[in-house]
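Let's take a walk through a protein together, starting with the overall layout and then zooming in. Keep the 3D view open as you read.

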Amino acid sequence: ETVHVPSAPRDAGELFDSAALCGRLSISRQRLHQLRKTEWFPAPTTTAGARPLWSSRDIDDFEATWVRKSGRKPRQRATRP
């Protein structure tokens, strides 16, 4: 579901809340939380109360460069001296 926020920047396009963004990217809320911690995931454009909102343009740019890697990282074996 896209959200219309009157105070959002005019050039933001559609705005997505967390639930809509998870649906668009086909990821879980936990994965969104992980992505938000990275330096290359776009910051929210604005907020509606406490809810962060992302612009469709920022998400389009992110999707164009995002390389999905499925599965967990391999575990590092402990080396014994």
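What follows goes from the whole chain to a few helices, then to some single residues and a pocket.

First, a word on what you're looking at: this is a predicted model. The protein has three helices and four strands. If you trace the chain from start to end, the order is β-β-α-α-β-β-α. There are 81 residues in the protein, and 32% of them are buried. As for the outside, the accessible surface comes to about 6,500 Å², and carbon and sulfur atoms account for 47% of that area. Now think about who touches whom. Take the contacts with a separation of 6 or more: 52% of them are between residues 24 or more positions apart.

Let's look at helix α3, which covers residues 56-65. Which of its residues are buried? They are S56, I59 and F62. Look down the axis of α3 and you'll find these buried residues within an arc of 120°, so they line one face of the helix. Turn to the other side of α3 and you meet D61, A64 and T65, which are exposed. What covers the buried residues of α3? The cover includes strand β2 (15-16), helix α1 (18-25), helix α2 (29-36) and strand β4 (51-55).

Helix α1 deserves a visit of its own. Its buried residues are S18, A20, L21, C22 and L25. They pack against β2, α2, β4 and α3, so to speak of α1 is also to speak of α3, whose buried residues have α1 as part of their cover. Now pick out one residue, S18, which sits in helix α1. Is S18 buried or exposed? Its relative accessible area is 17%, and the cut-off for buried is under 20%, so S18 counts as buried. Leaving out neighbours within four places in sequence, S18 is in contact with R29, L32, P52 and W54.

Step just past the end of α1 and you reach S26, in the loop that runs between α1 and α2. Here's something to notice about the backbone. Most residues other than glycine have a negative phi. S26 is not a glycine, and yet its phi is positive, at about 55°. As for its surroundings, S26 has a relative accessible area of 58%, so this residue is exposed.

S26 also has a partner from further along the chain: R68. You'll find R68 in the segment after α3. Setting aside residues up to four places away in sequence, R68 touches L25, S26 and I27. Remember that L25 is one of the buried residues of α1. And R68 itself? With a relative accessibility of 48%, R68 counts as partly exposed, because exposed means over 50%.

R68 brings us to our last stop, the largest pocket, since R68 is one of the residues that line it. How big is the volume of this pocket? It is about 410 Å³. Part of the lining comes from W66, V67, R68, K69, S70, G71, R72 and K73, and the lining also includes I27, R31, Q34 and W40. Sort the lining residues by kind and you get four nonpolar, three polar and five charged. I27 turns up here again: it lines the pocket and is also touched by R68.

Key
Residues numbered from 1 in each chain as written. Predicted model: local features only at pLDDT ≥ 70, side-chain atom pairs only at ≥ 80, totals over all residues. Heavy atoms only, no water. 1 Å grid on protein atoms, 1.4 Å probe; cavity = no way out; pocket = protein on both sides within 12 Å on 5 of 7 lines; lining within 4 Å. Points joined across faces, edges and corners; volume = space filled by probe spheres on them. Nonpolar A, V, L, I, M, F, W, Y, C, P; charged D, E, K, R; others polar. Helix = DSSP H or I, 4+ residues; strand = E, 2+ residues; numbered from the N terminus. Buried < 20%, exposed > 50% of the residue type's maximum accessible area, 1.4 Å probe, protein only. Contact = heavy atoms within 4.5 Å. Areas by Shrake-Rupley, 256 points an atom, 1.4 Å probe, with all protein chains shown as cover. Arc of directions from axis to C-beta.
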